[in-house]
Amino acid sequence: MAEPLLEEVGALLRQAAADIVVPLFRRLDDADISEKAPGEVVTVADRKAEALISAGLRRLRPGSVVVGEEAVAEDPALLGHLRGGGDVWLVDPVDGTSNFAAGRRPFALMVALLTEGVPVASWVYDPLDGTLASCRVGDGTRLDGTPVRTAGREPEVGALRGTAMTRFLPPDFRRSVEAGGERLGELLPGQHCAGREYLDILTGAQQFVLFWRTLPWDHAPGTLLVREAGGVARRFDGTDYHPADEGKGLLVAASEESWEEVRAALLGD
């Protein structure tokens, strides 16, 4: 993969943010927000940004397929492309839509590229602080253009800081996770924006994050970024995460050692 692709997709995300997403932040009318599923909102910014990003990605890779969050809401069969051949883009035009719709931060724009069903590149952009993370498989992760590594800089297990996204956890499991958090340094409630959680692992603001729901556009970009930086992204049973896999539960950590320590604390030995 040519290096310019990382820059070109990054520029496309910046354009979508500058032209559509940020100008609409805290300027949405009631008519600009709707519910696409119970408890799941979508805004005019999601739809317009997805259209712009999707068109740009198709220009960059003629013949490629785009699987966008909002397009899948209209046609779930698009998910079948995630195990298919050729180039397939996963797009989350506004990750953290509930925050965005309520006028809160954070939110992010995210893209991942799969080739022959394998994630090979990804991008996560937080437009309010200007942070852009990108990577290609085998070439490491860059944060605002600078190579970044997560492994090897974590504190001791009793000082590990991270997030458990408990909203969708079954009640008994949630209580167990919250109790296990006492063995760690700090267990945070989550920011309602998966993209920002992944960026915070890359910056060192936290060392882990636990999710229950694992929608592909929410996690394909961030898991590849963390892996390429030396971290780990696995299901609770230790199997690697793939965006086409169905199932619940994902634990992401800055290193193999941290993953094992957090798993033992939150999920049991």
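Start by selecting R105: setting aside neighbours within four places in sequence, R105 is in contact with F25, N99, L128 and D129, where contact means heavy atoms within 4.5 Å. Before going on, note that this is a predicted model, where local features need pLDDT of at least 70 and side-chain atom pairs count only at pLDDT 80 or more, while totals for chains, interfaces and linings use all residues. Residues are numbered from 1 along each chain as its sequence is written, and side-chain values use heavy atoms, with hydrogens and water left out.

**Stop 1: two arginines**

Stay on R105, which sits in the loop between α4 (97-101) and β5 (108-115). The labels come from DSSP runs numbered from the N terminus: helices are H or I with at least four residues, strands are E with at least two. Is R105 buried or exposed? At 49% relative accessibility, R105 counts as partly exposed; buried means under 20% relative accessible area, exposed over 50%, and partly exposed in between, using a 1.4 Å probe and protein chains only. Now add D126 to the selection: the C-alpha atoms of R105 and D126 are separated by 9.6 Å, and the two are 21 residues apart along the chain.

Next, click on R196, in helix α6. R196 has a relative accessible area of 9%, so this one is buried. Beyond its neighbours within four places in sequence, R196 is in contact with P106, D126, D129, T131, Q191 and T203.

**Stop 2: a hairpin**

Jump to β1 (residues 33-37) and β2 (residues 40-43), which run antiparallel and are joined by 4 bridges. Two strands pair if DSSP finds at least two bridges between them. Pick I33 and you can find its bridge partner, T43, in β2. The hairpin has 2 residues between its strands, and G39 in the turn has a positive phi of about 80°.

**Stop 3: the seven-stranded sheet**

Select the 7 strands of the open sheet in the order β3-β4-β5-β6-β7-β8-β9, where the pairing is mixed. Which strands stand at the edges? They are β3 (65-68) and β9 (146-148), each with a single partner strand, so one side of each has no neighbour in the sheet. From one strand to the next, the twist averages 20°. For all such angles, axes are lines fitted to C-alpha atoms, for helices over the stretch in contact, and angles run from 0 to 180 degrees between N-to-C directions.

Zoom in on β6 (residues 118-126) and β7 (residues 131-136), an antiparallel pair with 6 bridges. W123 has S134 in β7 as its bridge partner. Then bring in helix α2 (residues 44-60), which packs on this sheet, touching β3, β4 (87-95) and β5, with its direction at about 155° to that of β4. Helix α7 packs on the sheet as well: it touches β4, β5, β6, β7 and β8 (141-143), and its direction makes about 100° with that of β6.

**Stop 4: helix α7 and its neighbour**

Keep α7 selected. Its 13 residues reach 18 Å from first C-alpha to last, close to the 18 Å expected at 1.5 Å a residue; the expected span is 1.5 Å times one less than the number of residues. How many of the residues of α7 are buried? The count is 12 of 13, so to speak of α7 as mostly covered is fair. Among the buried residues are W217, H219 and L224. After α7 comes G230, whose phi is positive, near 105°.

Now show α6 (residues 194-203) beside α7 (residues 216-228): they pack at an angle of about 5°, with axes 9 Å apart. That makes α6 roughly parallel to α7, a label for angles under 35 degrees (over 145 is roughly antiparallel, 65 to 115 roughly perpendicular and the rest oblique). The contact is made by A194, Y198, I201 and L202 of α6 with D218, H219, G222, T223, L225 and V226 of α7.

**Stop 5: the five-stranded sheet**

Finally, select the open sheet of 5 strands, ordered β11-β10-β12-β14-β13 with mixed pairing. Here β11 (186-188) and β13 (232-234) are the edge strands, each with a single partner. β12 (residues 208-211) and β14 (residues 250-253) run antiparallel, joined by 4 bridges. Find F211, whose bridge partner in β14 is L250. α7 turns up again, lying across β12, β13 and β14 and running at about 35° to β14. Helix α8 (residues 256-267) packs on the sheet too, touching β11, β12, β13 and β14.
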